Structure formats: structure tokens, C-alpha cells
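Colleague: I am new to this structure and would like a close look at a single part of it. Could you take me through one pair of packed helices, and then place that part in its surroundings?

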Amino acid sequence: MPGMGRLSQEQIVFVLAVGLCAVFAVALPGFLTTNNVLNLVRSVSILGILGVAMGLVVIGRGIDLSLVALMAISVAWTLSLIAGGMPLPQAIAIGLAFSLFIGAVNGWFVAYVEIPAIFATLAMGTLVYGFGRYFLFDLDVVYMPPAGEPLLWIGQGTLMGVPVPIYLFAGVCLAGYLFLRYAKAGRYLRAVGDNMLAARITGVPTRPTIVLQYVLSSLIGYLAGIITAASVASMNTRVAISTYVYDVILVVVLGGIGLSGGKGGIRNVIVGTLLIGVLLNGMTIMDIQYTVQNVIKGAILLTAIVIDTILNPRDEQTAQQGDI
Amino acid sequence: MAASDRIVRWRYRLVPDHLLGEILTKRWVDNTIPVLILIAVAATFGWLISDFFSMSSVSSLMRQWGEFTLIALALMIVMVAGGIDLSVGSTFALGNIVALTLITVAGWSVPAVIAATLACGAFVGLVNGVLVGYLRLRAFLTTLVTLIIVRAIVDMLLLKYSVAIAAGFVDSDLWYYFGEGDVLGVPFSVATALVLALVAHLALSRSRVGWHVLAVGGSRRSAHNVGIPVRRIICMTYVVSGTLAALSGVLFASRLGGAGADTGVGLEIAALTAAVLGGNSLGGGRGSAAKAIIGAIIVMIMVNGLVRIGVTRGGSSLLLGMVLLAAVAIDVRWLKNRHKFLSKVYVSPTYSELPEAPATSGSSPYALNDRLRPVEAIGLDQIDGPEDVILDEDDNIYVGNRTGDIVRFFAPDYTRQEVFVHCGGRPLGMAFARDGSLICCIGGMGLYRITQDRRIERLTDETSRSWFSIIDDSRLRLADDLDIAPDGRIFFSEATIRYEMHEWPVDCLESRGNGRIICFDPRTGTTHTLLKNLVFPNGICMTHDGQSFLFAETWACRVSRYWFEGPKKGTVEVVIADLPGYPDNINRASDGTYWLALVGIRTPSLDLALKMPGFRKRMARRIAPDEWMYPNINTGCIVRFDETGRIIETLWDFGGENHPMITSMREHKGHLYIGGILNNRVGRLKLDGVDPGWTGWKSYWGQS
């Protein structure tokens, strides 16, 4: 990109986010107060955690469209189990096990049955939502029962004046960074995302690695779900069929993790989260209508994908037929 | 015959194993799984809900089906070109709200409303098309984003106009006709869907644009390399898809006259399920309007059936998700493994018991000798694979060559050669007609005539199709040898209808009657099949009486005689039933007897294997073709026999040192000229005590 100097997408987005911050700080009274900034980070920390989950999958050249649906249903199930009188740890264990199981099934479909990730997870999202609505609960919103109140601290508590979700976001980011940087499986994941055939030839267990990335994303997704439920004391399962998962993709793609896999890291997720957080917060303060917000987000996502395509053109040699 | 042998024989005679492989080679087999699912689904819901298929129930379902099929068609067209369009649901909703707003609030006339709405849909499609086709974005994510944006626009329009729409009234019969009218007793939306499906079918299967679309979906890179405007084609499919979705929205608007926030939500998942369930491949190249229709019917029955049973929304999305996953899984695995599976099941051996092989030693007429030792080589290393050899009245030699030429060696010393004609294919058996033109069976092409001035004319390359054969057997695959009756009719053999020419040894593994003898009549220009189910019919030779011909069945190791004239007309008689090897060409000898080439000698192991079809099937499935047990085709001999089947003499090359590979021989002026399909030369052997002036042409056409 000669016109832009040597800036990477990540740096451009960072500059954009800071610039937007500055504009909002000047134009919107009350934007740059400690309270609002903390609020801003707190409100996007869930999005950021989901972004880490999605980022790990995208780095491995996959995509997980069932992330939000799975999060909503497994956490809602946990809540309804607690409401039914089950001890808290046991309920959480069952919800987590369900989440991990679906993640593994996703991975199996992608790695072993070789269904394109986008389809497997799209269909799985629909399936999981239908499963929850049909078998598990009748109402859209499942409320946090009194027995689950110890969980509330995760979403609403503060530690040294800083909300707990921010710590959790930081923790997930750190864990993700360490995993990608130092764990053998993390390096395998990047190798598989970069060039799966080459990874397979060099002896990387590609299929188990792919399964692992979906299991990881369902694990992190469950954590994000618990935080969501704790901060609003309920879980709205309609989020499963909303466009929330595209916000998550927006964070990842905007941050500069190429959809063709193998590129980017946790830092990109943080930058992407920052920009989206600032944007959403600003739009909310400006009281822009929800549907218009959707159009704006869509337009930004589209622009991000166009830029992504121009910066990381699809490699016609390694792109497979039917890679849509 | 032992009882176990008899059981095996009947088992393979009664069960047509080979049909499975033949069915799998068919393109329409892709449709069988969707059709089976359709039948199962229809049966299930028909059984669960007693009046599911009653008239009133069906007619209300039909209108929805018409609209839904348009969406499925839209998705199919995009998918065939290798893309995907998730925005169809939103475009549908957009079409609905735009049409309603224009007709009730703006009060436009009906044609203007329809034109404007379709233009809206086409515009959404154009945006998708430019992004995916020209900018080469990922189709899935791009259309997902347009889905969100268009949905947001629809929501904004809803906020603004929904009250006005609900209050408005349309005073136009034409408008209501779309939603409630019938065309020839069929609901309008169904008629529209069927007509457009027919158009789509004709376009995809018959038109240049449709072929381009299929080519792009089949292999984008190759399509680009052959000069197809890939980007424009892809863009166009999205425009068509958007237009169809908007049209569906218009029909919906006319039928219900209302717009809600959930119009068309999740429609893309249902349409995607329909398209994939019908057998349209993700990633393109495979798809048709019929598949979209089948898929749409299945999904429509499932969704409505679940509603009728009283399953809530969650249940139907659970089911749709499962069905979509299963359909995609089957699609992916089927596409990936079809070829492997086909190559495993296509070879289907059958039971074949050969008579005891006669001895080739002692006082047997087949006793080994080395009479082929003095054979001289003509054109050594200059030709490749002269299956048949023939000489004209000027003593020039004509041989077929593997490169698709007929090569001529000039008399008298045969050191000079030229390419007589380049005809392509694999020239095999040859014969001279009365007018001196050369008739030739060309493997992979058919029956051809080469006139004396080297003009190549196709005589025939097809015969009548059998009524009940699954593979199309009208086209000639492996025309092998021919001979010409005194009245000019040409009888020729087609060795196998199940294999291409280069796979001919595989046909031996089957040892089924896959071959046939065909007659071409030059007076009428017609071709018809004379004898069917022959075991690799090969050489053909007119008998000296001109009323019958001899033919060899290679893998059955026998020579038979067929009468096409005279009192025995239409009968087949076995002349030699138990040859020690695999017979190839038969030709006349000067003393009224016949020469027969044995291309290879039977081995006890293969003879035994022929009685064990299961063994050969396992062999074909489990080990590589290079390791299969094939008939010996390296060492053979020449046999002379008479019409009663008596063996007069046998010519061997003992030890296989000089000229062991023999597929044909021709007697000409006291010499025998020997061809072999794997040889690099023509052999020439001086014969003792034969008529030195005898030629084949004179024997056939000289007397009259």
C-alpha cells in the first residue's frame, strides 16, 4: 500500500479508533469521562472475549457461526438447571460439557466430514437454537435464579474500582496470546491455518488441530456467556438468531486477522474490539436508531472485507474449488 | 459340475451385478437420493397427518411452494456458478415491502410496481455481483453482510410505512390475480415457478450462457483459461438471483397484503436446505432446476408438516439444521468418494467355466514346435502395434498403427513405408471391399472406409440402442474386426460395450458377454445389432460358401459360425469349443481352410479364477490394477482349421524367441504375414506347398 506508507491494517484501525475517540471526546460531552471509558471497555469486553474465540478459529482458517447460539443456549440451560434446583457447580459442568461437546461435533464435521466450516457451523447454530427452544425452555429469556447469585459478581462486581469483566477480557487475551505463542498446539493451529496441506505433509495432526480450535472457541464462548448472564442477570436466547455473531466477525476481520487464515494474533482482536467499542458507544450516545446502526455496522464490515480481500488476496493456487 | 459350482453359476446368472456400476455412471443417479428422501418425507407426514394431502390442504401449500421454489431457484443458479447468496431472504422481504409501499402508499399501476420491485431486487443482486464477481470477495460473508444491511433497510421501511400499508386498499383485480388467481387450474405462483424453472433448465442445459455458468462452477480457473468472462458470469448469477427473490416477494405481497418484521427471516436457511437437499453441490458445477424443485418440495412438506403437528418454531429450526447438516455431509462425501466407489464396483466379474484345455504336447494337434522361428521382420521398430495386416493386389502391406495411422509398406522389399492415411483412433481389423477400398474398424471411433484415393469416410459409429441396457450402448466403443459378405454387407464385431478400448484386458476379468456382432448394410446405410452377449467377439471371417461367417470369442476360447443366408439362416453353431488359448483374428487360407491367431495361451490359474467370480471381485476392489491377474497375451500361436473344427496344423515359436505375439495373420501369394497388437513389426513366413498365386482379394471378389 504505497499511499499509506508502511502501515498494517492493525495500525490503521488503531489510528482510526484513536481518531474516532478524539472526535467523540470533542463532539460528545461525557464521552471521555472515567466512568464512560470504563463502561465502554466493560461493555465491549464480552465482545472482545468472543472475538478471541472467533479469532482462534479464523487463524486456523475456519469460522464459527454457531459461537453466539451455542453460548446463549448452553448458558441458558445452565441457568434453567440452577433454577430447577441443581447445585451451581454441577449445572455449570453440564452446561460447559454441552458446549464443549457441540464444539467437538463442529470440529468433527469440519475436519473429518470436510463440510465447509461456514456451513457446518451455520447449520449447527440453527440446530442448537432449535434444540434449546424445543427441549430445554419455553421462554425467550431465562432469568438468573437466586441460587445462581454467586455468579453475579463475575459480571457486575468490581476489583479495585475496575469491573471484573475487564479483568476476564485481559485474562482471556493473555491466555490466548500465550497459547498461540508458546503452546505446541497453538503453533500447529497457525500452521494449519496458513497452509493445511503443507502442515499435513510436515506431520502436524491437522484434523485433531481443527477439532481443537472449535472446542476452544466453544470453551471461551461459554465463559463469555456466563459473563453476559451475570452482568444482566439473565440470558436472552434470541441473541442466537440475531446478528450478534457478525459483530464478532467484524471485530476479528476489522482487527486484521485475514479470513484466509494463518495471519494475525490476539493484538488484532484487541484493536478491533476497541474500534467497534468506540463506534457502538458513540452511536448509542448519539442515539442513532438501532436499524441505522445495523446499516452502518454492515457497511463497515463490508468495507473491512473489501480491504481484507485487497490486502490478503485469495491465493488461487491454494484456494480450493468450492471454497466460498 | 459340482453342486457348489452350479449354485455360483446360477447366482451370477440371475443377479445382474454389473448394473450397479452402470447405474452409478449415470448423471441422473445424483437425483435418486433426493427423490428417495422426498418419498420418505411425504410418506411420513401423510401417515402422521391424515388429511395432509387433501385438496384444500395441498392447494394452500401450493401457493407457498411456488414462492419458495422461486427462492430455491435463485439460490440454485448462484450455487451452480460456485457462489452462494444468503441475502435472498432479505431481498424477498425487500421485494414484499417495496411492492406493498408502491401499490398502496404511492399508488402506482401494477406493471410499474412489478418493474420497480424487480429492479430493486436486481440492484441488490448487482451489489452482490460486483462485490463477489468483480472484487472477488468471499461470497458467503459478503452476502451475509448484504443480508444484514437489506434487512435493516426493510426494518426502516417497515417503521415508516407499515401503518399506511395496513390501512391502504388496492383496487386492482390484476394485483390480486397474482396472489389468488389460477392459470389453467394451477395457482399463479406455481405456474410462474414452473415456467421459470423450465426456462432455467433450458438455459442451463441448452444455452451458451448456461454452459458458461456451469463451467465457471465446475472449475473457475479452467473457465477463465478457456476465455469465459468469469467475473461477468458470476455477477450475472447474483443479479438473476436478486430478481427472482424480489419476484417471489411480489407474489407474497399480493397474496397476503401485509408486511411484518419476520417476513423472510430465516428463509435463506430454508432455501439453502432445499437447494442442497435437492442435490445442488456447494461449490458449484452440479445442479439443475429439477433438483431445486425436488428440494423445495421436501422442505415445504417438512416445515408445514411440523407446523401441522404442532411443533413450535424451535423444533422446525432444529430439524432444518439437522437436515442441512446431513444433506451437506452426504453431498460432500458423495462428491469426494463417488469416483473411488465407482471404480471399485464397476468391474463385476461373473461365472465363466471354460472346457478343459487341450494338451500342447505329444500327439496333440496343438503340440509345440518352432515353425515360426524363420519369420522375418518387416518394418522393425518403425511401427507400433499392427493389430491387423492386409495386402492389396499389388502386394503392398497395410497395417494399423497405434498413433492412429494406417501405414503402407511398398512391395516388393517392404523397406519403404508411408502413412497411407491418418484416421485417428486405433485402427484394428481391416478388409478390402470389391471396389478396392479399405474398410477398417477403428477402435474408439467405429467403422470407416478409406477409398483408393485416400478419402476417409465414416460408414457407421452407432447402432440401435438396446431397450433395457442402462449404459448407452448405441455408440460404438471398440469395433474390432470385420468381414464383407458377397452382397456387400459388412459384419463387424464390437468386443465390449462396457469398457473403453485401452481397458480391454479388464473385460476378461468380467468374462461376461459384453460384446456383440453388428451388421452394416451399405445399400441402405443402416446398422443393426445381429448377435448380443458374446464374450469379447473378436475375429470375423466369411466362410467360403458366402452364406455364413466364423467368429471368435476371445475370453470364451471358442470359434462359432453364424449363418446369415441359406437354410440355416439365423443359427449359431460352435465350431471349436475348446481352444488352448485366446482366439483373435480369423482369415481364409488358400486351400479352403482358415487361419486363426491365438493371442495368448490359457493358464490353469486364470481358468480357475474364472470359476470364482467372488475372488476376482475382491481382487478388483482391493488391489491396484497393475497387480491384477490378467490373461496371458504375450505368447501365442497360429492355428489352421477347417469348417468342421478339425485342427490341421499349429505354428509355434517355441521358447518365444522370434515372433511370439500374434493377433492376426494374412496369407498372400505363398507367404503368411503376421500382425501383433503389441509388436513393433510385421512378421513374414514362407509357406510350403500352398498356391503361390492365391490372394485374399481374389478369394473374396475374384470369381465373380
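Modeller: In this predicted model, helix H6 of chain B, residues 110-134, packs against H7(B) at an angle of about 150°, and the two axes are 10 Å apart. Because angles over 145 degrees count as roughly antiparallel, H6(B) is roughly antiparallel to H7(B). The crossing in which H6(B) passes H7(B) is right-handed.

On the side of H6(B), the residues that take part are B:Val124, B:Val127, B:Asn128, B:Leu131 and B:Val132, and they meet B:Ala139, B:Thr142, B:Thr143, B:Thr146 and B:Val150 in H7(B). Sorted by class, the residues of this contact of H6(B) with H7(B) comprise 6 nonpolar and 4 polar ones, with no charged residue.

H7(B) also has a part in the meeting of the two chains, a contact that takes 42 residues from chain B and 36 residues from chain A. Helix H7 (139-167) and helix H15 (313-346) of chain B each supply at least two residues of the side of chain B that touches chain A, and H15(B) gives the most to that side, with 16 residues. Taken by class, the side of chain B that touches chain A holds 24 nonpolar, 11 polar and 7 charged residues.

Elsewhere in chain B, 4 strands form an open sheet with antiparallel pairing, in the order S4-S5-S6-S7. Strand S4 (389-391) and strand S7 (417-422) of chain B are its edge strands, each pairing on one side only.

Notes. Residues numbered from 1 in each chain as written. Chains lettered and ligands numbered in written order. Predicted model: local features only at pLDDT ≥ 70, side-chain atom pairs only at ≥ 80, totals over all residues. Contact = placed C-beta atoms within 7 Å. Nonpolar A, V, L, I, M, F, W, Y, C, P; charged D, E, K, R; others polar. Pairing = 2+ DSSP bridges. Axes fitted to C-alpha atoms, helices over the stretch in contact; angles between N-to-C directions. Parallel < 35°, antiparallel > 145°, perpendicular 65-115°, else oblique. Left-handed = near helix turned anticlockwise from the far one by under 90°.
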